[in-house]
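Colleague: Could you take me slowly through one part of this predicted model, beginning with the surroundings of a single residue and then moving on to what lies inside and outside?

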Amino acid sequence: MKKGILITLCVLGIFICMLDTTIMNVSLPNISQHLGVGLDDLSWALNVYLIIFAALTIPLTRLAEIFGTHRGFLIGVALFGLGSTLSALANSLTVLLVGRAIQSMGAALVFPLSMTLGIKLVDVRQRTAIIALLGITQGLAAALGPTVGGLVTQFLSWRWVFLINVPITIVMLILGVLNLNLHQAKEPRQSLDATGAILSIITLTTLSLGMMQGRSWGWLSVPTVTCFAICLLAFALFLLVESKSSNPMVPLSLFKDRNFSIAAVVVVLSNLFLVATTVILPTYFTNITGYDFLHAALLVAPISLAIFIFSPIAGFALNRISGKYILVFGFIMMAIGFYWLGHTALTSQSQSIWAGFTVGMGYGIVTGPILVIAAGHLQGRLLTASQSVTGVLRQVGIMLAVAIFVTGLYANLDTARTNSRHYAQVSVAQLALPTAASQHILAEVEHKLEATKFTKSDTSQLPNPLANCITAIEEHTQTYLRQAFEKLYLISLPFVLSDGLVALFLKRK
């Protein structure tokens, strides 16, 4: 009974932490409208969560090891609940950012400790089931984020994106106080590697900041280049310090395990390509096709359904099939989904649903066994460190996805707008309208191109030649904008397939 309660605690901890990495995405326009801030400024509410989560996971987990993992877990849950409450009550961007920062500090404790505590509840020989369960929860929660965010925003309000965490954290605190060992002995003889902690925070903060802001600042701008330069220098010093430390933040011996090292790469890449669908697709459905939050949420929901179905199947298939072949098959299915999205899937709802399901199936097949492969045989310090590292790497994968795919999307959209303007100019010129009328039509086209959400005009009251011209311009514009999204998935195909090749280097056992 008690073991079941503790496993439930771990599952809930992982679920709320990963859900909040993506739940805000669909709700951003609504939040922007209510708080009266631009989307560029509001994007910091996403960025601050990912940056702090990535930067503090390793040092806070190490602190929890020294002062008691059970205490650390409950402190993390309390912080997450407090941050969620503050975010939900925010009436300004500043308050929202503070709430998200507190949330993220809580997640940096709860996520890795949930993994470690859950795995330690069972014997090494029985780990496959518990690791598979926790791994499935990670992937499912991240994929569910946009769907849950869309549903909540549509039927309640954006504030419930955060408020739904509050009752969950209250239940977790009650269960934790009753079932966790709060008198767990401290480990005073294990000193904190302060230099390693500072260097890890600098490394991950500058890496995160550079990736998240590179598009806004310019990839070759002084601030971006400075961030990456500091990151490389701090990382080199971190490796030097850790190699000489008697009690390192991250035991470098962890990376001597080939399976863990390869699994770490797969964790980054699989999350990168998952976010490319769970974040980019809702943007397409709401901003280009004009669907509401609920409609967009339902169209991406099959991704989560596929993960839920195929993750456990793949996790338990490890007992019969070599992990490398399972992962290769998973990446092949993701590639098929990406190919579909790059060709015809975005032209119809049914194809979008099945293409998303295929991507989710591929990700589920990868995420089911990957944590079992990475940590199934580790124990003690190496086990705890492995969960901190994989937690950080998931965030790096998400940030890479935002940096690469959003940057690529903006470039593609710029090309689409240029093509649309040219088509509009040629079409309007053929009507031989007065100069003032032509300029007015082209100004309306420009307004629609620069708007966050593309909407079609009501041409029912216009003369047929003019109505047909405007309809043709808007149909071509929508096609150009759709192709901007399709190009992202087509360009990604070789990289998705090459990730399968990485998995082939895994040891059989």
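Modeller: A residue is called buried when its relative accessible area is under 20% and exposed when that value is over 50%, with partly exposed in between. Keeping in mind that the model is predicted, we can begin with Thr-169, which lies in helix 9, the stretch of residues 165–179. Thr-169 counts as buried because its relative accessibility is 3%. A polar atom of the Thr-169 side chain lies 2.8 Å from the backbone oxygen of Val-166, and, once neighbours within four places in sequence are set aside, Thr-169 is in contact with Ile-16, Val-77, Phe-80 and Gly-81.

From this residue we can turn to the nonpolar interior. The largest nonpolar core has 140 residues, and those with the most contacts inside it are Phe-73, Phe-338 and Phe-405. Helix 4, residues 44–67, gives the most to this core, with 14 residues. Phe-405, if residues up to four places away in sequence are not counted, touches a set of residues that includes Leu-272, Phe-273, Phe-338 and Leu-488. There is also a second, separate core of nine residues, among them Val-428, Leu-449, Cys-469 and Ile-473.

The surface offers a contrasting case in Leu-501, which is found in helix 19, residues 464–503. Leu-501 counts as exposed because its relative accessibility is 52%, and the cut-off for exposed is over 50%. Together with Ile-321, Tyr-325, Leu-504 and Phe-505, Leu-501 makes a nonpolar surface patch of about 530 Å².

Note on methods. Residues are numbered from 1 along each chain as its sequence is written. This is a predicted model: local features need pLDDT of at least 70, side-chain atom pairs count only at pLDDT 80 or more; totals for chains, interfaces and linings use all residues. Side-chain values use heavy atoms; hydrogens and water are left out. Patches are made of residues with over 30% relative accessible area and no salt bridge: like charges are joined within 9 Å, nonpolar side chains (Val, Leu, Ile, Met, Phe, Trp, Tyr) within 5 Å. Accessible areas come from the Shrake-Rupley method with a 1.4 Å probe; for residues, only the protein chains shown count as cover. A salt bridge is a side-chain nitrogen of Lys or Arg within 4 Å of a carboxyl oxygen of Asp or Glu. Helices (H or I, at least four residues) and strands (E, at least two) are DSSP runs, numbered from the N terminus. Buried means under 20% relative accessible area, exposed over 50%, partly exposed in between (1.4 Å probe, protein chains only). A polar contact is a pair of N or O atoms within 3.5 Å; within protein, one must be able to donate a hydrogen and the other to accept it, and residues adjacent in sequence count only if both atoms are side-chain atoms. Contact means heavy atoms within 4.5 Å. A nonpolar core is a set of buried Ala, Val, Leu, Ile, Met, Phe, Trp, Tyr and Cys residues joined through side-chain atoms within 4.5 Å.
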